[in-house]
Amino acid sequence: NGDGIQAIHQPAAHSDADSIVFFRRADVISAGDIFDMNRFPVIDVENGGSIQGELDALNRMLELAIPPVPLVWVDARTLIVPGHGRVADHADLTEYRDMVTIVRDRVQDMLKRVFTRAQIQAARPTFDWDARYGAETGEWTTAMFVDAVITSLQGDAR
């Protein structure tokens, strides 16, 4: 419709080929697979994805999004269309980014204390969010997410 859009490449998030598409006039961000309201983020380490790239992309979207402040009940805000799940807003994205940051920090701490992969998995660093984002079966499980975080933090390209 002649409206301006901005496509922003986000290297090393979900993979090495992610983009955020910002529909400027409509104030809508299309997040693609960087943001998923149904599960932990899919980090495709084998194709250039990383936990830090994922966090960088989430933070970039937060910079673009306008929160509905001071009137949080007003609909005048940036809408964020995730790769999967319901339409979100700044608060949803902030919560998701914080979750990813905390999981990364927990795994990083365990790696510094020389925990093995099995010990990290057994410690369940995602426990607080397993009910909301976790999965024991399917194409992307909680264990796969934790493993991707470990691999990303170790720089291990198994």
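**Exercises on an aromatic cluster and helix α5**

Phe-35, Phe-40, Tyr-96, Tyr-133 and Phe-145 are linked into a cluster by ring pairs. The model is predicted.

**Exercise 1.** Determine how many aromatic pairs the whole structure holds, and classify the pair of Phe-35 and Tyr-96.

*Solution.* A search of the whole structure yields four aromatic pairs. For Phe-35 and Tyr-96, the ring centres are 4.9 Å apart and the planes stand at 70°. Planes over 60 degrees apart count as edge-to-face, and this pair is accordingly edge-to-face. Phe-35 belongs to strand β3 (residues 28-36) and Tyr-96 to helix α2, so the pair ties together parts 61 residues apart in sequence. Phe-35 counts as buried because its relative accessibility is 0%; Tyr-96, with a relative accessible area of 0%, is buried.

**Exercise 2.** Classify the pair of Tyr-96 and Tyr-133, and state which elements it joins.

*Solution.* The ring centres of Tyr-96 and Tyr-133 are 5.4 Å apart with planes at 80°, so the pair is edge-to-face. Tyr-96 lies in helix α2 and Tyr-133 in helix α4, so parts 37 residues apart in sequence are tied together. Both Tyr-96 and Tyr-133 are buried.

**Exercise 3.** Check the span of helix α5 (residues 142-154) and describe its surroundings.

*Solution.* The expected span is 1.5 Å times one less than the number of residues. For the 13 residues of α5 this gives 18 Å, and the end C-alpha atoms are 18 Å apart, which agrees. The buried residues of α5 include Phe-145, Val-149 and Ile-150. Among the elements covering the buried residues of α5 are α1 (51-64), α2 (90-112), α3 (117-123) and α4 (130-133). Just after α5, Gly-155 adopts a positive phi of about 70°.

Conventions. Residues numbered from 1 in each chain as written. Predicted model: local features only at pLDDT ≥ 70, side-chain atom pairs only at ≥ 80, totals over all residues. Heavy atoms only, no water. Helix = DSSP H or I, 4+ residues; strand = E, 2+ residues; numbered from the N terminus. Buried < 20%, exposed > 50% of the residue type's maximum accessible area, 1.4 Å probe, protein only. Contact = heavy atoms within 4.5 Å. Phe/Tyr/Trp six-rings, centres within 6.5 Å; stacked < 30°, edge-to-face > 60°.
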